[in-house]
Amino acid sequence: MSQVLLIEDHQTVRDGLQLALTRQGHTVHAVGTGEQGLERLRSTPSDVVVLDLMLPGMDGFEVCRRIRQLGDLPIIMLTARNDDMDVVAGLEAGAYDYEVKPVQARVL
């Protein structure tokens with residue numbers, strides 16, 4: 001299956017998503033900040049990034065823009081923010097998809 005980079009600051013959510021995606025057959029590398037995610041991408045190839053928006057320090061929009069500078073890696077934004085303007089901003093920043101929490105692992 002695929003190599004997933006999960007960038008999520010809430011430990012409980014991160015652990016649950018990592019477990020669910022692993023059960024779906026994916027290899028998941030999970031980190032808690034955007035900076036850690038960017039560093040991980042530089043050292044370990046990933047097939048897709050699952051990215052929270054509300055991160056400490058660098059927010060998910062900025063992380064998405066920086067990942068876009070590295071190439072055309074698929075990015076799925078996964079966030080509690082469901083405002084239309086946030087969805088548009090996420091897609092304009094370069095996300096392939098925008099999912100609102102909570103989301104079922106199979107949907108993700």
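## Strand β4 and its surroundings

In strand β4, the residues I75, M77 and T79 point to one side while I76 and L78 point to the other, and all are buried; buried denotes a relative accessible area under 20%, exposed one over 50%, and partly exposed the range in between, with a 1.4 Å probe and protein chains only. Five of the five residues of β4 are buried, so the strand is largely enclosed by the rest of the structure. The chain reaches β4 from β3 through α3 in a right-handed β-α-β crossover. A crossover is right-handed if, with the strands pointing away from the viewer, the path from the first strand over the helix to the second runs clockwise. Helices (H or I, at least four residues) and strands (E, at least two) are DSSP runs numbered from the N terminus.

The model is predicted: local features require pLDDT of at least 70 and side-chain atom pairs count only at pLDDT 80 or more, whereas totals for chains, interfaces and linings use all residues. Residues are numbered from 1 along each chain as its sequence is written, and side-chain values use heavy atoms, with hydrogens and water left out.

## The sheet

Five strands form an open sheet in the order β2-β1-β3-β4-β5, with parallel pairing; two strands pair if DSSP finds at least two bridges between them. The edges are occupied by β2 (27-31) and β5, each with a single partner strand, so one side of each is left without a neighbour in the sheet. On average, and with direction ignored, neighbouring strands of this sheet are turned by 20° against each other. Axes here are lines fitted to C-alpha atoms, for helices over the stretch in contact, and angles between N-to-C directions run from 0 to 180 degrees.

Strand β3 (residues 48-51) is joined to β4 by three bridges, and the two run parallel. Within this pair, V50 stands opposite I76, and M77 is the bridge partner of L51. On the other pairing of β4, four bridges lead to β5, again in parallel, with E99 in β5 as the bridge partner of L78.

## Strand β1 and the helices on the sheet

Strand β1 is mostly covered, four of its five residues being buried. Five bridges join β1 to β2 in parallel, and I7 stands opposite V31 in β2. Between these two strands the chain passes through helix α1 (residues 11-23), in a β-α-β crossover that is right-handed. Four bridges join β1 to β3, also in parallel, where V4 stands opposite V48.

Helix α2 (residues 34-43) lies across β1 (3-7), β2 and β3, running at about 160° to β1. Helix α3 packs on the sheet and touches β1, β3 and β4, its direction making about 175° with that of β4. Contact means heavy atoms within 4.5 Å.

## Helix α4

In helix α4 (residues 84-93), D86, G90 and A93 are buried. They cover an arc of only 65° around the axis, which puts them on the same side of α4; the arc is that of the directions from the helix axis to the C-beta atoms. On the other side of α4, D84, M85 and E92 are exposed. The cover over the buried residues includes α3 (60-70), β4 (75-79) and β5 (97-100).

At the N-terminal end of α4, D83 acts as a cap, with a side-chain oxygen 2.9 Å from the backbone nitrogen of M85. Just after the helix, G94 takes a positive phi of about 125°. Together, β4, α4 and β5 make a right-handed β-α-β unit.

## R14 and the segment after β5

R14 lies in helix α1 and, at 11% relative accessibility, counts as buried. Leaving aside residues up to four places away in sequence, R14 touches L6, E8, D9, A30, V31 and G32. R14 and A30 are 16 residues apart in sequence, and their C-alpha atoms are 6.9 Å apart in space. The side chains of R14 and Q11 are joined by a polar contact of 2.3 Å. A polar contact is a pair of N or O atoms within 3.5 Å; within protein, one must be able to donate a hydrogen and the other to accept it, and residues adjacent in sequence count only if both atoms are side-chain atoms.

The segment after β5 contains P102, and the peptide bond from K101 to P102 is cis, with omega near -5°. Q104 lies in the segment after β5 as well and is exposed, with a relative accessible area of 60%. The C-alpha atoms of Q104 and A20 are separated by 8.9 Å, although the two residues are 84 residues apart along the chain.
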